[in-house]
Amino acid sequence: MIPLSVVAGQQIREDQVHHNREEQANVQELAPASFTAGRVWRQSDLELLDELSAPVIVIWIKFPSTSAGATEEFYKLQYQNATSQRRFGQFRSAEAILAAHEAMSAAERQARLAWGQSVVRKEYTRRTWLEQPFLSPFFDNWPMANIGFCTLITKPIRVEVAPGQVEICQVYEMEELLSVASTRIATMYHNNPVFMFLFDKSGKLLHANQQALDHYCGASDSNGSSKTITLESLFRRGVYPGGEAEMRRAHDEAVDAIFRRKVKAHHHMQAYISRKTGKTKWGELEMWPVHDRVTTSDAMLVTVFNMTQRKALEAQLQDQQVTLQQQNQELEKLNEIIQVEKLRLEQQNTTLAQNLAAVVQEKLVPDAQFNLNTPIDEAISVLRSLIMGEQPAVERLLELHNMLTGCTTELRQPINLEQQLIQTTGSDSEVAASMVQLLQASSGRGRIMSASDVTDGHQRLVQRPSGPTGSVAQHSHLPSAITPVIERMLQDAEHNWHFDIFSFAEATEGHTLSTMTFYLMKRGGAMTKFGMHEASLCSYLQALEAGYNPLPYHNAVHVASVVQLTHMLMTRGGIMKAKVVDELTLLASIMAATVHDYGHGGVNNDFLNRTMHDLAVTYHFQSPWENHHLAASLRLLLKPEHAFLSDLSREQIEPWRCVLGNEVLGTDMKKHFSILTTFLAATKCPFSSSNVELQRSGSAGAAWLDIQPENRLLACQMMLKCADIGHLAADCTTHKRWAYQLEEEFFQQGDKEKALGLSVSPLMDRAHKGGITRSQVGFFNIVGLPLFKAMADVFEDSAPLYEGALANFQAWEAAAAEDSLQRTGSAASRSDAGSQA
């Protein structure tokens, strides 16, 4: 290969170049004046470059400044030798190069500009390392595969770029192309901050990394050759108390250790004077014997470490360690203080919690917790003790005997229910009386009224609104005619525990119940599975809806809400998932929810019994309304135009009717404790008839398959009971709206009782402040929360119902506490006024 010396006018053959490579490597031509006064190359002279085996190009580069002060690049090719054209393709035009530059990021353009300016300003031959992407804008065939970067030799020459115009151009010779792996190794090696040298036996420098050359020589090329750096010069850099003799001994000892004794490593500490500060510093020469594969002879690898920096760093780390230890001690002391304060705050918190519990106990919580234990439960407990080989106390057996022989109510009602209700509801006797009337089963009928009273009462209570009877021909609205807005609401009803029933009622314009029931039956697949006639179902649902009186609470909207919650409990609450019921039972449950208040007259069962109403007499004073709802809805179903279940077989009708009847009759609150305690015993007692402990719907499916049918009916009764008072778990606004509507319905019953000359039932006199809303805390405590909790314990997917009820209970509880404080304050004010008088 003929090097760039050809361009300088010296025709040296390739073998001579190799012989003189080391000498040429560090030759630097001086001064602009020395070469500007030299030869001027014409275009024809540049053809000599074709004789070179290395790729060579001659470029005219300028960096003119723009009006805005920025610097631009100008490239113009003067010559490209044949080797360069073969390997890299044609050199691109100035416009193409500038376009490639414009596509680069600002940082990349700035880096390229800085490198180009540094090359142009160096008016001597130099070697530099360029990464491959740096050259990509210049050649058509660049980049080349597997090439990381190249060694580039640059030299300035004077070229006649145009007749009479001489410019300084740059000659570029691609001396060496390195692979990607070699490139990365070279990059790590040359940028290593540790100085590294390779010397032969005579102490002559064979190679050094770029950091070492820059430090010891100021600037040097990348092949590591140098005339000034020797092994002896490294030792002479140090300051020795013994002068030249001590330096020689250290040098000779290192040479002997590496080249003669061939120790694994030799270390030499030396003091030296810093060129920057003039202070004495310490360095370490670490030397190893190596084999130079280029010369195939022994060599010495030397690294130089700055021990002063290392010592300073060690001292700094030691100081930091001391500081951290001090900080750690301070933090430990602070932690001890925090722990003491934490203990004090925990004790204070415990005291405050106890005080708060005492206040709540005094203001809201009854003296005794409500006990759901029934005579049957007590008897079972005694029997269990006997089965386990225990001997119950005689007093307990006598107490059970007296309890069973003297019981005047159902054996499934809690023991001493009336006394417990009075104790649980606190000092409000009217609330206690209301709870007793609602929940305690009794055969008492009240006073016997005259025939005129009975007749008058019947006319007042069960009057049906005049108008259509509900046939299909008389109603233009069919449940199947569902608008998109209603469709979206119904889709929400399928999975929402807090469905907005009042907004739905406004959208369906008086057809809330029929629309809701029809949709859920159709979506559930019951019509297809059981061959139900849609027209007959529509006719029946409309006739049924027309039979609901426009009462404040027991109306068609309330029933539609119960239907929606029944669907939620069955399909989303875990009952179907636990395989408690089949699809026929689901159909019966939806129908039970639809008819469970059919024909309600706006008064309770006690009113019917007290007034000797026809319904009370007909059903022997046992759940007159519930029996009426069931019987009247079944009579309506028997009409030919309403017979939507005519395709069911007798084997299907019997269980359907059984489920329907048990669920509707189970909504009588007089049976509340009987159903609840039986359900608790059946699902939790290990000695129950099912002999299965059912705690969670997720794992109870297999157990329900083996449970007795009556306990399956219990689950269905519990489900409808939860849905019937489901507004307790609705959002607070919806729940309170239902509560006040029920209160108004009770007030209307109180008005009827006054008109009939009867004593007004507890909490039904609108003349007194607050009606049923006064009993909400007690009703939640005694009825709502235990019912929802029992359901959630067995069917955990129904937990949202319990959680919603708990939130509303806490709201009523807070309101009751605030009301109690206000009444206490008013009483204190009156007392102070009386004492001052």
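Where in the protein chain is confidence lowest, and where is it highest? The structure is a predicted model, and its mean pLDDT bottoms out at 34 in helix α1 (residues 14-25), while the top value, 95, belongs to helix α22 (residues 556-571). Averaged over the protein chain, pLDDT comes to 78, and 72% of the residues reach at least 70. Residues 1-36 stay under 50 throughout, although the model still gives them 62 contacts beyond four places in sequence. A second stretch, residues 363-368, is also below 50 and has 12 contacts beyond near neighbours in sequence. Where pLDDT is low, the predicted coordinates should not be read in detail.

Helix α22 is a good place to start looking at side chains. H558 sits in this helix and is buried, its relative accessible area being just 3%. Setting aside residues up to four places away in sequence, H558 touches Y553, H596, D597, D724 and W738.

Next comes an open sheet. It is built from 5 strands in the order β8-β7-β11-β10-β9, with antiparallel pairing. The edges are taken by β8 (205-208) and β9 (266-273); each has a single partner strand, so one side of each has no neighbour in the sheet. On average, neighbouring strands are turned by 25° against each other, ignoring direction. At one end of that order, β7 (residues 195-199) pairs with β8 through 3 bridges, in the antiparallel sense. Across this pairing, F197 faces A208 of β8, and F199 stands opposite L205 of the β8 strand. The hairpin that β7 and β8 make has 5 residues between the strands, and G203 adopts a positive phi near 90° there.

Two helices pack on this sheet. Helix α8 (residues 210-217) touches β7, β8 and β11 (297-306), and its direction makes about 90° with that of β7. Helix α10 (residues 243-260) touches β7, β9, β10 (280-292) and β11, running at about 130° to the direction of β11.

What about the nonpolar interior? The largest nonpolar core holds 101 residues, and I501, M516, M532, Y540, I575, W656 and F795 have the most contacts inside it. Helix α32 (residues 776-794) supplies the largest share of this core, with 11 residues. As for M516, its contacts outside the four nearest places in sequence are L490, A493, F499, I501, F504, A560, V563 and Q564. Another core, of 22 residues, lies apart from the largest one; A208, L213, M247 and V304 are among its members.

Aromatic rings add a further layer, with 10 aromatic pairs found in the whole structure. One of them joins F88 and F139 in a tilted arrangement, at 5.3 Å centre to centre with 50° between the planes. These two come from distant parts of the chain, 51 residues apart: F88 belongs to helix α3 (residues 82-88), and F139 to the loop between α6 (132-135) and β5 (147-162). Relative accessibility is 0% for F88, so F88 counts as buried, and F139 is likewise buried at 0%. F88 and F139 also form one aromatic cluster with F91 and F138.

Another pair, Y548 with Y598, is edge-to-face, at 6.0 Å centre to centre and 75° between the planes. Y548 lies in the loop between α21 (534-546) and α22, and Y598 in the loop between α23 (583-595) and α24 (605-610), so this pair ties together parts 50 residues apart in sequence. Both Y548 and Y598 are buried.

Definitions and conventions. Residues numbered from 1 in each chain as written. Predicted model: local features only at pLDDT ≥ 70, side-chain atom pairs only at ≥ 80, totals over all residues. Heavy atoms only, no water. Pairing = 2+ DSSP bridges. Helix = DSSP H or I, 4+ residues; strand = E, 2+ residues; numbered from the N terminus. Axes fitted to C-alpha atoms, helices over the stretch in contact; angles between N-to-C directions. Contact = heavy atoms within 4.5 Å. pLDDT = per-residue confidence, 0-100. Buried < 20%, exposed > 50% of the residue type's maximum accessible area, 1.4 Å probe, protein only. Core = buried A, V, L, I, M, F, W, Y, C linked by side-chain atoms within 4.5 Å. Phe/Tyr/Trp six-rings, centres within 6.5 Å; stacked < 30°, edge-to-face > 60°.
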